[in-house]
Amino acid sequence: MKKHHKSRLCETKVENFGVTAGDLIIFQDVNFTLHCGELTALVGPNGAGKSTLLKSLLGEVEHTGILNYFDAKGEHLKPVIGYVPQTLKFDATAPVSVTDLFAACLSPRPVWLCSVGDELRERILKNLRRVQAEYLIDRRLGALSGGELQRVLLALALDPMPDLLLLDEPLSGVDKIGIEIFYELAAKLCAEEDMAILLISHDLRMTEKYADKVILFNKRILKIGTSDEVFQSDEMKKLFFEV
């Protein structure tokens with residue numbers, strides 16, 4: 001019987017989060033809870049502060065407020081957090097392969113000082129299998145489609161297996177098939193690994209199909225609930241559909 005990683009993390013509580021830039025309020029009074037085994041979608045217009053919120057959760061942006069992580073007994077813990085950015089900036093003409101990318105990130109020594117032996121290669125394959133992308137192991141990064149590249153970045157974010165996975169609008173420029181595959185993988189990770197996922201999304205159809213919870217966000221939280229509760233709300237209609 002296959003054994004799966006089970007998250008130690010039960011709840012991630014975000015309390016009174018805010019970010020400012022001088023006199024400009026990026027967002028304020030943000031409060032929500034993420035639960036293990038749930039895919040939470042963060043939706044809102046461009047400029048709403050969604051990416052900044054994720055970066056503040058990672059500690060990359062100075063913020064006000066409190067961030068706490070709890071296990072099932074209500075005790076504090078330090079979780080493993082994975083992150084997938086919007087895109088990876090690199091020279092598409094460079095002779096850098098998927099294996100090279102993993103080796104650079106996973107090897108304890110500088111990549112130019114080590115070769116990819118059988119053990120590391122099997123570790124890379126194991127990670128790629130999680131996202132149905134093991135066939136990409138020797139592919140040049142510049143030859144990947146947008147969807148393939150994001151799945152490779154997702155695989156990289158799963159080593160070590162996180163308790164909390166933050167996905168910063170990872171599907172911009174990805175075709176419909178790639179988007180569907182990515183959402184299916186995210187939902188599978190929630191179910192099998194019991195992790196919490198927070199995903200910035202502009203695809204309302206996929207959000208409605210796969211998200212357990214939706215946060216409607218525009219510099220503050222406007223609505224939290226199921227996709228039906230949020231998408232049918234007055235707040236959603238005012239934000240997206242009223243001219």
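This is a short dialogue on reading a predicted protein model.

Me: Where do I start? What does the secondary structure of the protein come to?
Reply: Remember first that the model is predicted. The protein has eight helices and nine strands.

Me: How compact is the protein for its length?
Reply: Compare its radius of gyration with the globule rule. The radius is 19 Å, and the rule gives 18 Å for 243 residues. Those values are close, so the protein is as compact as a globular protein of that length. The C-alpha trace spans about 55 × 45 × 45 Å along its principal axes.

Me: What share of the residues is buried?
Reply: Of the 243 residues, 47% count as buried. Now turn to the surface. The protein exposes about 12,700 Å². Carbon and sulfur atoms supply 50% of that area.

Me: What share of the contacts joins residues 24 or more positions apart?
Reply: Take the contacts with a separation of 6 or more. Residues 24 or more positions apart account for 69% of them.

Me: Now a sheet. In what order do the strands of the open three-stranded sheet stand?
Reply: The order is β2-β1-β4, and the pairing is antiparallel. At the edges stand β2, residues 24-35, and β4, residues 64-70. Each has a single partner strand, so one side of each is left without a neighbour in the sheet. From one strand to the next, the twist averages 10 degrees.

Me: How many bridges pair β1 with β4?
Reply: Six bridges, in the antiparallel sense. Strand β1 covers residues 11-21. For one position to look at, find K13, which stands opposite N68 in β4.

Me: Which helix lies across β1, β2 and β4?
Reply: Helix α1, residues 50-57. This helix runs at about 65 degrees to β2.

Me: Next, the cysteines. How many disulfides does the count give?
Reply: A disulfide is a covalent bond between the sulfur atoms of two cysteines. The test here is a pair of cysteine sulfur atoms within 2.5 Å. By this rule, the count is zero.

Me: Why is C36 not bonded to C10?
Reply: Check the distance. C10 holds the cysteine sulfur closest to that of C36, but the gap is 4.6 Å, too far for a bond. C190 is in no disulfide either; its nearest cysteine sulfur belongs to C36, 9.6 Å away.

Me: Are C36 and C190 buried or partly exposed?
Reply: Residues under 20% relative accessible area count as buried. C36 has 22% relative accessibility and counts as partly exposed. C190, at 3%, is buried.

Me: Last, the backbone. Which residues with a positive phi can I look at, although they are not glycine?
Reply: Most residues other than glycine have a negative phi. Two cases to look at here are N16 and E169. Phi of N16 is near 55 degrees, and N16 lies in strand β1. Phi of E169 is about 45 degrees. E169 sits in the loop between β6 and α5, residues 176-193. At 16% relative accessibility, E169 counts as buried.

Me: And the peptide bonds? Which residues does a cis peptide bond join?
Reply: Most peptide bonds are trans. Here a cis bond joins D159 and P160, with omega about 0 degrees. Look for P160 in the loop between α4, residues 146-157, and β6, residues 164-167.

Definitions and conventions:
Residues are numbered from 1 along each chain as its sequence is written. This is a predicted model: local features need pLDDT of at least 70, side-chain atom pairs count only at pLDDT 80 or more; totals for chains, interfaces and linings use all residues. Side-chain values use heavy atoms; hydrogens and water are left out. Buried means under 20% relative accessible area, exposed over 50%, partly exposed in between (1.4 Å probe, protein chains only). Two strands pair if DSSP finds at least two bridges between them. Helices (H or I, at least four residues) and strands (E, at least two) are DSSP runs, numbered from the N terminus. Axes are lines fitted to C-alpha atoms, for helices over the stretch in contact, and angles run from 0 to 180 degrees between N-to-C directions. Contact means heavy atoms within 4.5 Å. The radius of gyration is taken over C-alpha atoms; the globule rule is 2.2 Å times the number of residues to the power 0.38. Accessible areas come from the Shrake-Rupley method with a 1.4 Å probe; for residues, only the protein chains shown count as cover.
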